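Subject: Structure handover

Hi,

Here is the structure I promised to pass on. Please open it alongside this note.

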Amino acid sequence: DCDNKDDGFECDLFDNILHSDPKRNTSTCLPKENVYTITRTSDGPGKSRNALKYLQLIRRESVFCLFAFVPELQSNALSVAKRLVGAKKLIHVKRRNLSMDASIVVSDDVLLRQRVVDTGGFVMSFEQMWELLNSVEGD
């Protein structure tokens with residue numbers, strides 16, 4: 001598993017994506033079957049408020065899922081990871097496997113997202129869904 005180490009952010013795969021460059025095709029791709037669930041710790045947002053607000057992670061019970069099953073979502077994951085570098089003490093990252101029978105709910109509602117993840121499902125933001133739809137449309 002890719003649970004956090006002491007500083008709350010030391011996930012090898014998640015860290016690798018921070019050092020990749022999709023424009024030069026040097027991306028360390030996340031495995032397509034993995035979903036990274038990002039939750040807030042109990043610490044306040046402090047200087048990282050903008051990064052956390054962008055991902056709707058301001059509230060302590062907030063959750064965000066990173067998906068990688070299409071290249072467009074790989075790009076989204078890279079963008080998210082870069083935003084979270086300054087907030088690494090405020091988040092907890094856990095890797096979970098995406099199975100064929102997993103529920104994926106599209107919502108920007110913070111409380112609904114938390115309930116879905118707590119019951120074993122995954123949540124996708126509307127921005128992630130838009131990128132997924134654009135990738136399907138382009139094929």
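Below is what I found in it, from the whole chain down to one residue.

**Confidence**

This is a predicted model, so please read the confidence values before anything else. The mean pLDDT of the protein chain is 75. A pLDDT of 70 or more is reached by 76% of the residues. Among the elements, helix 1 (residues 12–18) has the lowest mean, at 55. Strand 4 (residues 104–106) has the highest, at 93. Take care with the start of the chain: over residues 1–10, pLDDT stays under 50. The model has 28 contacts beyond four places in sequence for that stretch.

**Overall layout**

The chain has 139 residues, and 41% of them count as buried. Its secondary structure comes to five helices and five strands. Along the sequence the pattern reads α-β-α-β-α-β-β-α-β-α. Of the contacts with a separation of 6 or more, 69% link residues 24 or more positions apart. The accessible surface is about 7,900 Å². Carbon and sulfur atoms hold 50% of that surface.

**The sheet**

Three strands make an open sheet, in the order 2-1-3, with antiparallel pairing. Strand 2 (63–66) and strand 3 (91–97) are at the edges. Each has a single partner strand, so one side of each lacks a neighbour in the sheet. On average, neighbouring strands are turned by 25 degrees against each other, direction ignored.

Strand 1 (residues 34–40) is joined to strand 3 by seven bridges. Its pairing with strand 2 is also antiparallel and runs over four bridges. Two positions help to fix the register. Valine 35 stands opposite arginine 96 in strand 3. Threonine 39 has histidine 92 as its bridge partner in strand 3, and valine 63 as its partner in strand 2.

How many of the residues of strand 1 are buried? Six of the seven are, so the strand is largely enclosed by the rest of the structure.

**Threonine 37**

Threonine 37 is a good place to zoom in. This residue is found in strand 1. Is threonine 37 buried or exposed? Its relative accessibility is 5%, and the cut-off for buried is under 20%, so threonine 37 counts as buried. Leaving aside residues up to four places away in sequence, threonine 37 touches Val63, Phe64 and Cys65. It also touches His92, Val93, Lys94 and Arg96. Val117 completes the list.

**Helices**

Helix 4 (residues 110–118) lies across strand 1, strand 2 and strand 3. Helix 4 runs at about 60 degrees to strand 2.

Helix 3 (residues 71–83) has 13 residues. From its first C-alpha to its last, helix 3 reaches 19 Å. That is close to the 18 Å expected at 1.5 Å a residue. Which residues of helix 3 are buried? They are Leu73, Gln74, Asn76, Ala77, Leu78, Val80 and Ala81.

**Where to start**

I would begin with strand 1, which pairs with strand 3 over seven bridges and with strand 2 over four. Then turn to helix 4, which lies across these three strands.

Best wishes

Conventions: Residues numbered from 1 in each chain as written. Predicted model: local features only at pLDDT ≥ 70, side-chain atom pairs only at ≥ 80, totals over all residues. Heavy atoms only, no water. Helix = DSSP H or I, 4+ residues; strand = E, 2+ residues; numbered from the N terminus. Buried < 20%, exposed > 50% of the residue type's maximum accessible area, 1.4 Å probe, protein only. Contact = heavy atoms within 4.5 Å. Areas by Shrake-Rupley, 256 points an atom, 1.4 Å probe, with all protein chains shown as cover. Expected span 1.5 Å × (residues − 1). Pairing = 2+ DSSP bridges. Axes fitted to C-alpha atoms, helices over the stretch in contact; angles between N-to-C directions. pLDDT = per-residue confidence, 0-100.
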